[in-house]
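Here are a few friendly notes to read alongside the model. Have the structure open as you go through the points.

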Amino acid sequence: ITLLVCLTNRPAAQIVERCEEEFEDDFQGIEAAMLVDPDAGWPADTAKVLKDLAYSGDKCLCHSSLRKRIELPNVLKALQALTSSGHNEVIPWSPLPTVDDLIAQKSQGFSTIGRA
């Protein structure tokens, strides 16, 4: 939830439900770029990764099923990969990395993902 608060600049209480109401869509269907605080300057690819880490239909930090919660070491790997891979700019022609891509990248020691 803290990731979503940082990303959106919205209060933590019922953040997912409030976003769903505001955008009239399930949280997974809301584009990360629509959720972000426009004054924060989050790059679109970073916003997507953070949104998916926090709350998605796949493994994530806030999944209601314990079996589908991402393990904290994998979150750390994904965040480290994100910060060390130069994902601080939007490259429109480049596919956006998924959380699994970032975890694999960190595990394999690669420094770029989704770049030709």
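1. Which helices each supply at least two residues of the lining of the largest pocket? In this predicted model, they are α4, spanning 44-54, and α6, spanning 99-108. The biggest share comes from α6, which gives 3 residues to that lining.

2. Now for the pocket itself. Its volume is about 210 Å³. If you would like to find its walls on screen, the lining consists of Q28, K48, D52, S56, G57, D58, K59, I70, T98, V99, D100 and I103. By residue class, that lining divides into 3 nonpolar, 4 polar and 5 charged residues.

3. Next, the nonpolar interior. The largest nonpolar core has 15 residues, and those with the most contacts inside it are L53, I70, A78, V99 and L102. Two or more residues of this core come from each of α4, α5 (72-84) and α6. Apart from this core lies another one, of 8 residues, including L4, V16, F27 and A54. You will meet I70 and V99 in the pocket lining too.

4. A word on the cysteines, in case you were wondering about cross-links. The structure holds 0 disulfides. For C62, the closest cysteine sulfur is that of C60, and at 6.3 Å the two are too far apart for a bond; a disulfide would need the sulfur atoms within 2.5 Å. C62 counts as partly exposed, because its relative accessibility is 22% and the buried class ends under 20%. C19, in contrast, is buried, with a relative accessible area of 0%.

5. Finally, the aromatic rings. A pair of this kind is described by the distance of the centres and the angle of the planes. The structure holds 1 aromatic pair. Its rings belong to F27 and Y55, with centres 5.4 Å apart and planes at 85°, so the pair is edge-to-face; that label calls for planes over 60 degrees apart. Distant parts of the chain are linked here: F27 sits in the loop between α2 (15-23) and α3 (32-35), while Y55 sits in the loop between α4 and α5, and the two are 28 residues apart.

6. One last look at those two rings: is each one buried or partly exposed? F27 is buried, at 1% relative accessible area, whereas Y55 is partly exposed, at 23%. F27 is also among the residues of the 8-residue core mentioned above.

Terms used:
Residues numbered from 1 in each chain as written. Predicted model: local features only at pLDDT ≥ 70, side-chain atom pairs only at ≥ 80, totals over all residues. Heavy atoms only, no water. 1 Å grid on protein atoms, 1.4 Å probe; cavity = no way out; pocket = protein on both sides within 12 Å on 5 of 7 lines; lining within 4 Å. Points joined across faces, edges and corners; volume = space filled by probe spheres on them. Helix = DSSP H or I, 4+ residues; strand = E, 2+ residues; numbered from the N terminus. Nonpolar A, V, L, I, M, F, W, Y, C, P; charged D, E, K, R; others polar. Core = buried A, V, L, I, M, F, W, Y, C linked by side-chain atoms within 4.5 Å. Buried < 20%, exposed > 50% of the residue type's maximum accessible area, 1.4 Å probe, protein only. Phe/Tyr/Trp six-rings, centres within 6.5 Å; stacked < 30°, edge-to-face > 60°.
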